[in-house]
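Biologist: I would like a close look at a single part of this protein. Please take me through it step by step.

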Amino acid sequence: MEYNQKQLSILEAAEKLFASRGFHATSVRDIAHEADVNIAMISYYFGSKEKLIEAIFLKRIIAWKMTLTETLSNNGRSYIERFDALVETYVARVMGNPCFNLMMIRAQIQEDIAVNELIHENKKEVYEVIKSFINEGQENGVFNGDVDIMMMVVTLVGTTNHIMSTRHHFQRMSNLEHLTDSQLQEYLISHTSNHLKNLFKAILIHEA
């Protein structure tokens, strides 16, 4: 769905507030103030706070699934190159969208939030796409047969989200206080991607 500038402002404001305060602690009035729009405009465009958070997730989820499918179906690259590209793309997306990913973490902890089923279905679909790709690589003799794909996906998501959500602790523990925010962002994307790619190569082809 295409959004106009007012709608995008509302979505961005809501994403920021849901990430920092949580869904239940954020009011429609808070979102209207943050987006600098009339409160009635949120009801007009989205109907309710529940529909608003659903719109945020759908917007992000659809874009990610399209990118994932395009990355893994690029037959001009080897299986390893495509899996490396998956890791790089995922890490960059998470690090580049901290508000959305913090919001997703919060939503999964608070089980009563309406989008939990949407998150669950998305996780299943993404897992099946990755599983199908790895199975294809196994059938073609590229990847090892004994691979716990679920744990690989959990490792990719968990490691990336942990570093994203605790980036300043990671910065201090790694003695990187001299880096600016943009330099830290670049370092985290590169360092996390390289670590995960080496780890997964060891699992998939016994090469690190």
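Biologist: Are Tyr79 and Phe143 buried or exposed? Please start there and then take me through the helix that holds Tyr79.

Modeller: Keep in mind that this is a predicted model. Both Tyr79 and Phe143 are buried. Now look at their rings. The ring centres of Tyr79 and Phe143 are 5.9 Å apart, and the planes stand at 70°. A pair counts as edge-to-face when its planes are over 60 degrees apart, so Tyr79 and Phe143 form an edge-to-face pair. Where do the two residues sit? Tyr79 belongs to helix α5, while Phe143 is in the loop between α7 and α8. The pair therefore ties together parts that lie 64 residues apart in sequence.

Stay on helix α5, which covers residues 79-96. Phe83 is also in this helix. Its relative accessible area is 5%, so Phe83 is buried. Buried means under 20% here. Which residues does Phe83 touch? Leave aside its neighbours within four places in sequence. Phe83 is then in contact with Ile130, Phe133, Ile134, Met152, Phe200 and Leu204. Leu72 is eleven residues from Phe83 in sequence, and their C-alpha atoms are 7.1 Å apart in space.

Met152 leads us to a helix partner. Helix α5 packs with helix α8, residues 149-165, at an angle of about 35°. The two axes are 9 Å apart. The crossing of α5 and α8 is right-handed. On the α5 side, the contact is made by Phe83, Val87, Tyr90, Val91, Val94 and Met95. On the α8 side, the residues are Met152, Leu156, Val157, Thr160, Asn161, Ile163 and Met164. What kinds of residue are these? Eleven are nonpolar, two are polar and none is charged.

Now take helix α4, which is where α5 comes in again. Helix α4 runs over residues 49-72. With 24 residues at 1.5 Å each, α4 should span 34 Å. Its end C-alpha atoms are 35 Å apart, which agrees. The buried residues of α4 include Leu52, Ile53, Phe57, Trp64, Leu68 and Leu72. Helix α5 is among the elements that cover the buried residues of α4. Others include α1, α2, α3, α6 and α7.

Go back to the rings for a moment. Ten aromatic pairs are found in the whole structure. One of them joins Tyr45 and Phe46. Their ring centres are 6.4 Å apart and their planes are at 65°, so this pair is edge-to-face. Tyr45 has 28% relative accessibility, so it counts as partly exposed. Phe46 has 9%, so it counts as buried. Ring pairs also link Tyr3, Tyr44, Tyr45 and Phe46 into a cluster.

Finally, step back to the whole protein. There are ten helices and zero strands. The C-alpha trace spans about 60 × 40 × 30 Å along its principal axes. Of the 208 residues, 38% are buried. Take the contacts with a separation of 6 or more. Residues 24 or more positions apart account for 66% of them. The pair of Tyr79 and Phe143, 64 residues apart in sequence, ties together two such distant parts.

Notes
Residues numbered from 1 in each chain as written. Predicted model: local features only at pLDDT ≥ 70, side-chain atom pairs only at ≥ 80, totals over all residues. Heavy atoms only, no water. Axes fitted to C-alpha atoms, helices over the stretch in contact; angles between N-to-C directions. Helix = DSSP H or I, 4+ residues; strand = E, 2+ residues; numbered from the N terminus. Left-handed = near helix turned anticlockwise from the far one by under 90°. Contact = heavy atoms within 4.5 Å. Nonpolar A, V, L, I, M, F, W, Y, C, P; charged D, E, K, R; others polar. Expected span 1.5 Å × (residues − 1). Buried < 20%, exposed > 50% of the residue type's maximum accessible area, 1.4 Å probe, protein only. Phe/Tyr/Trp six-rings, centres within 6.5 Å; stacked < 30°, edge-to-face > 60°.
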